[in-house]
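This report describes one structure through its charged pairs, its strands and two loop residues. Please look at the sequence and the model before reading on.

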Amino acid sequence: QVQLVESGGGLVQPGGSLRLSCAASGSIQSIYTMGWYRQAPGNQRELVAGISSGGRTNYADSVKGRFTISRDNAKNTMYLQMNSLKPEDTAVYYCNADVLTVVRSRGNYWGQGTQVTVSS
C-alpha cells in the first residue's frame, strides 16, 4: 500500500522556474529508483529525469542543464527543480517510484500527475 502525492505544478512564464515535489507514503521498506515523467497531449509519456537511491541521476537531453532532480531519503520525497522553462515543457508531470514494501513486495507506483503550463 503505497501512495505518491505530487505538488508544485502551475502556470509560469517562459524563462521562469518551478519546483515539483513528490512525497511517497505507506508501507515502504525502501525506494530504489525514482523518476519524473511527462506527457503532453497527443504524445507518449517520456522520462524527464531519474535518480537512484544512491543519488545517481540521468536526464533527458531536452532538459539537461535546466532541470535538477533530487531526493530526501529520510522523507521519502523527490523534487524536480525546473529553471529556464520553455513552452515545450508544458505537460502533465508524473512521479514514479520503484518500491520495496515492508512485506517484501516490489512494485512500481505512479503519482496522479500535476499540470505544468509555460506560457506568456
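Which residue forms a salt bridge with Lys64? The partner is Asp61, with the closest N and O atoms 3.0 Å apart. A salt bridge here is a side-chain nitrogen of Lys or Arg within 4 Å of a carboxyl oxygen of Asp or Glu.

The model is predicted, so local features need pLDDT of at least 70 and side-chain atom pairs count only at pLDDT 80 or more, while totals for chains, interfaces and linings use all residues. Residues are numbered from 1 along each chain as its sequence is written, and side-chain values use heavy atoms, with hydrogens and water left out.

**Salt bridges**

A search of the whole structure finds 5 salt bridges. Three of them are listed here, including the pair named above.

| Pair | Closest N to O distance |
|---|---|
| Asp61 and Lys64 | 3.0 Å |
| Glu46 and Arg38 | 2.9 Å |
| Arg38 and Asp89 | 3.0 Å |

The salt bridge of Arg38 and Asp89 links distant parts of the chain, 51 residues apart. Arg38 belongs to strand β4 (residues 28-39), and Asp89 to the loop between β8 (77-82) and β9 (91-101). Strands (E, at least two residues) are DSSP runs, numbered from the N terminus.

The residues in these pairs vary in accessibility. Buried means under 20% relative accessible area, exposed over 50%, and partly exposed in between (1.4 Å probe, protein chains only). Arg38 is buried at 6%, and Asp89 is buried at 1%. Glu46 is partly exposed at 36%, whereas Asp61 is exposed at 65%. Through shared partners, salt bridges join Arg38, Glu46, Arg66 and Asp89 into one network.

**Strand pairing**

Strands of a sheet pair through backbone hydrogen bonds, either parallel or antiparallel. Two strands count as paired if DSSP finds at least two bridges between them. Strand β4 runs antiparallel to β9, and 9 bridges join them; Ile28 stands opposite Thr101 in β9. Strand β4 also pairs with β5 (residues 46-51) in the antiparallel sense, over 5 bridges. There, Trp36 has Ala49 in β5 as its bridge partner. The hairpin of β4 and β5 has 6 residues between the strands, and Gly42 in this hairpin takes a positive phi near 80 degrees.

An open sheet is formed by 4 strands with antiparallel pairing, in the order β1-β3-β8-β7. Strands β1 (2-7) and β7 stand at the edges, each with a single partner strand, so one side of each is left without a neighbour in the sheet. From one strand to the next, the twist averages 15 degrees, where axes are lines fitted to C-alpha atoms and angles run from 0 to 180 degrees between N-to-C directions. Between β7 and β8, which run antiparallel, there are 6 bridges. Arg71 has Met78 in β8 as its bridge partner.

**Two loop residues**

Ala60 lies in the loop between β6 (57-59) and β7 (67-72). Its relative accessible area is 17%, and Ala60 is buried. Between Ala60 and Glu46 there are 8.7 Å in space, C-alpha to C-alpha, and the two are 14 residues apart in sequence. Contact means heavy atoms within 4.5 Å. Leaving aside neighbours within four places in sequence, Ala60 is in contact with Leu47 and Val48.

Asp89 is the other loop residue, placed between β8 and β9. With neighbours within four places in sequence again left aside, the contacts of Asp89 include Arg38, Arg66, Val63 and Phe67. Among its further contacts are Ser84, Val116 and Val118.
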